[in-house]
Amino acid sequence: MKTLTCTLMGILWINVAIAQQPVTSTVTPDTDDKPTSFWMEKKLEYSSAILRGLAVNDFQLLESNARQLQMLNKVEGFIRRRNPEYRKQVEMFERVTDELIRQSERKNSDGVALAFNQLTVSCVRCHQALREQEAK
């Protein structure tokens, strides 16, 4: 019981911390009628800021938003860990954000661009897996 309470308090704390993080990019709302989850909104904001950082060669912006994505991914992965396909996608996302951070620290624009491309592919595959799971 103590572990569950600590875990829930940690998740709450991280949610508050993430919600307070400034992002230098905005995302337009979905055009379809499905509401976007809190998790997805934040991921879209951070990934848009990463693209902005890549475009203007701002490695600090790249790294900080990649770290925010990584933290958010860990929390969301914990919450949705029961879906095996989703867990696989979370692990891929983790590896890609690690590489994005590494390339940002090295100030390697080409490496960041490649990692961002892999991040995008990871997002698409994850959403495909979630849609397939919903269809079942």
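Leaving aside its neighbours within four places in sequence, which residues is Ser-104 in contact with? The answer is Phe-59, Leu-62, Glu-63 and Val-112. Keep in mind that this is a predicted model. The protein has five helices and zero strands, so here's a quick tour that starts with the whole chain and then zooms in on H4 and H5.

**Overall picture**
- Going from the N terminus, the elements simply read α-α-α-α-α.
- Of the 136 residues, 35% are buried.
- Take the contacts with a separation of 6 or more: 61% of them come from residues 24 or more positions apart.
- About 8800 Å² of surface is accessible, and carbon and sulfur atoms own 55% of that.

**Ser-104 in H4**
- Ser-104 sits in helix H4, which covers residues 84–105.
- With a relative accessible area of 1%, Ser-104 counts as buried because that value is under the 20% cut-off.
- A polar atom of the Ser-104 side chain lies 2.8 Å from the backbone oxygen of Leu-100.

**Helix H5**
- H5 takes in residues 109–135, and at 1.5 Å a residue its 27 residues should span 39 Å. The end C-alpha atoms are 39 Å apart, so the model agrees with that expectation.
- The N-terminal end of H5 is capped by Asn-108, with a side-chain oxygen 3.2 Å from the backbone nitrogen of Asp-110.
- Buried residues in H5 include Val-112, Ala-115, Phe-116, Leu-119, Ser-122, Cys-126, Ala-129 and Leu-130.
- Val-112 turns up twice, being buried in H5 and in contact with Ser-104.
- As a reminder, an α-helix has 3.6 residues a turn, so residues three or four places apart point the same way.

Key: Residues numbered from 1 in each chain as written. Predicted model: local features only at pLDDT ≥ 70, side-chain atom pairs only at ≥ 80, totals over all residues. Heavy atoms only, no water. Helix = DSSP H or I, 4+ residues; strand = E, 2+ residues; numbered from the N terminus. Buried < 20%, exposed > 50% of the residue type's maximum accessible area, 1.4 Å probe, protein only. Contact = heavy atoms within 4.5 Å. Areas by Shrake-Rupley, 256 points an atom, 1.4 Å probe, with all protein chains shown as cover. Polar contact = N/O pair within 3.5 Å; in protein donor to acceptor, adjacent residues only side chain to side chain. Expected span 1.5 Å × (residues − 1).
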